[in-house]
Amino acid sequence: MTNSKSTRSTTILPHLSQRWLPVLIVLLAVTTVACRQDMHDMARHEPLEESDFFSDGSSARQPVSHTVARGHLQTDRLMFTGIGDDGQWASDLPMELTAEVLARGQERYEIFCTPCHDRAGSGRGMIVERGFKQPPSYHEERLRQMPVGYFFNVASEGYGLMSGYKAQVKAEDRWAIAAWVRVLQRSRSPITSLPSEDQGILTSIEGAGDAIGSDSHDDSDDEGGSGDEESHASLGSSQPTMDSAPRTEVAGADGAAL
Ligand code: HEC
């Protein structure tokens with residue numbers, strides 16, 4: 001008797017589960033989804049949404065006064081604005097100028113600035129080729145005369161249509177970029193604009209003497225940002241190509257003046 005009972009139950013059970021299993025699965029699925037629904041509808045506020053929880057009616061809170069977010073203490077005016085103690089654009093970096101700084105500056109410049117300014121700084125980058133406003137050439141006289149702190153500031157805050165790069169590029173790197181902009185400018189200046197000891201080094205290099213002799217460039221002739229690139233034979237084509245950025249030898253740059 002016992003034996004026959006157990007045989008019956010084993011035959012019924014598979015039958016039952018076959019019929020009810022799909023129902024069970026659907027039921028489970030529905031109830032599990034329902035459980036997660038709470039998470040989807042969790043109480044939250046959109047940015048700037050109002051709320052009656054706080055007395056000022058805003059759901060967002062002001063930063064606690066007299067506190068500074070970690071990593072945002074920027075007390076060094078020169079480092080973060082490009083303005084020196086005298087209230088003028090700084091004419092030196094806030095850190096030592098080394099070959100590493102210039103190499104870093106070139107690398108960052110070529111990532112963040114070339115899309116518009118191109119590798120040689122003439123202002124004919126790819127985005128400009130596609131219709132964006134053409135920036136002035138770094139080689140125009142007005143910009144050649146600007147102190148390095150000015151380039152740091154433009155890289156940080158932007159200028160006119162150009163947006164600033166504070167959010168993407170840290171301050172040290174913006175200084176390195178500013179130093180590289182100066183290198184680009186120097187690369188197209190006549191040798192005679194260099195300090196005499198540097199002229200001496202350059203003229204001792206074979207062929208450089210000819211460049212001094214033949215350089216008819218005078219400081220006023222590329223005012224306006226267009227024009228005389230062709231006269232700078234040493235840079236090759238006036239189009240910004242892979243080769244047109246000066247491969248400046250930075251190894252001896254340590255301590256050089258900006
Ligand atoms: C998306 C294009 C774009 C990028 C990228 C860009 N710039 Fe510019 N930049 C411009 C334009 C356009 C102007 C001219 C703005 C105007 O006159 O409205 C300009 C102007 C400038 C000027 C000249 C300011 C003056 O006094 O005339 C400097 C210097 C400069 N940019 C530096 C940089 C540096 C450094 C970077 C990289 C960190 C950079 N720019 C990245 C588009 C760009």
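**Exercise 1. Leu48 and His66**

Leu48 has 8 other C-beta atoms within 10 Å. Decide whether Leu48 is buried or exposed in this predicted model, then do the task for His66.

*Solution.*
- Step 1. Recall the cut-off: exposed means 12 or fewer other C-beta atoms within 10 Å.
- Step 2. Apply it to Leu48. With 8 such atoms, Leu48 is exposed.
- Step 3. Apply it to His66. This residue has 5 C-beta neighbours inside 10 Å, so His66 counts as exposed.
- Step 4. Locate them. Leu48 lies in the loop between α1 (2-40) and α2 (77-81). His66 is placed in the loop between α1 and α2.
- Step 5. Check the backbone. Most residues other than glycine have a negative phi. Leu48, not a glycine, has a positive phi of about 70 degrees. For His66, phi is positive and near 65 degrees.

**Exercise 2. The overall layout**

List the elements of the protein in order from the N terminus, and state what share of the residues counts as buried.

*Solution.*
- Step 1. Count the elements: ten helices and two strands.
- Step 2. Read the order: α-α-α-α-α-α-α-β-β-α-α-α.
- Step 3. Take the burial figure. Of 258 residues, 21% count as buried.
- Step 4. Add the contact range. Among contacts with a separation of 6 or more, 58% join residues 24 or more positions apart.

**Exercise 3. The span of α3**

Test whether the distance between the end C-alpha atoms of α3 agrees with its number of residues.

*Solution.*
- Step 1. α3 has 14 residues. The expected span is 1.5 Å times one less than the number of residues.
- Step 2. That span should be 20 Å, and the end C-alpha atoms are 20 Å apart, so the two agree.
- Step 3. Find the covered side chains. Val101, Leu102, Gly105, Gln106, Arg108 and Tyr109 are buried in α3.
- Step 4. Find their partners. The buried residues of α3 pack against α4 and α8.

**Exercise 4. The nonpolar core and α7**

Identify which element gives the largest share of the largest nonpolar core, and describe how α7 is covered.

*Solution.*
- Step 1. Size the core: 24 residues. Val148, Phe151, Ile177, Ala178, Ala179, Trp180 and Val181 have the most contacts inside it.
- Step 2. Assign the elements. α3 (99-112), α7 and α8 each give two or more residues to this core. The largest share, nine residues, comes from α8.
- Step 3. Follow one member. Beyond its neighbours within four places in sequence, Ile177 contacts Gly105, Arg108, Tyr109, Cys113 and Ala155.
- Step 4. Turn to α7. Nine of its ten residues are buried, including Val148, Phe151 and Ala155.
- Step 5. Name the partners of α7. Its buried residues pack against α2, β1 (158-159) and α8.
- Step 6. Look just past the helix. Gly158 has a positive phi of about 85 degrees.

**Exercise 5. The ligand shell**

Work out which residues come nearest to the ligand and which classes make up the shell.

*Solution.*
- Step 1. The shell has 20 residues, and Cys113, Cys116, Pro135, Gly160 and Met162 come nearest.
- Step 2. α4 (114-117), α7 (148-157) and α8 (171-187) give two or more residues to the shell.
- Step 3. Sort by class: 17 nonpolar, two polar and one charged.

**Exercise 6. Ser137**

Decide whether Ser137 is buried or exposed.

*Solution.*
- Step 1. Place Ser137 in the loop between α5 (126-129) and α6 (141-144).
- Step 2. It has 25 C-beta neighbours inside 10 Å, so Ser137 counts as buried.
- Step 3. Compare with Ala120: 17 residues apart in sequence, 9.1 Å apart in space from C-alpha to C-alpha.

Definitions and conventions. Residues numbered from 1 in each chain as written. Predicted model: local features only at pLDDT ≥ 70, side-chain atom pairs only at ≥ 80, totals over all residues. Near = placed C-beta within 6 Å. Helix = DSSP H or I, 4+ residues; strand = E, 2+ residues; numbered from the N terminus. Nonpolar A, V, L, I, M, F, W, Y, C, P; charged D, E, K, R; others polar. Core = buried A, V, L, I, M, F, W, Y, C linked by C-beta atoms within 7 Å. Buried ≥ 20, exposed ≤ 12 C-beta atoms within 10 Å, placed from the backbone. Contact = placed C-beta atoms within 7 Å.
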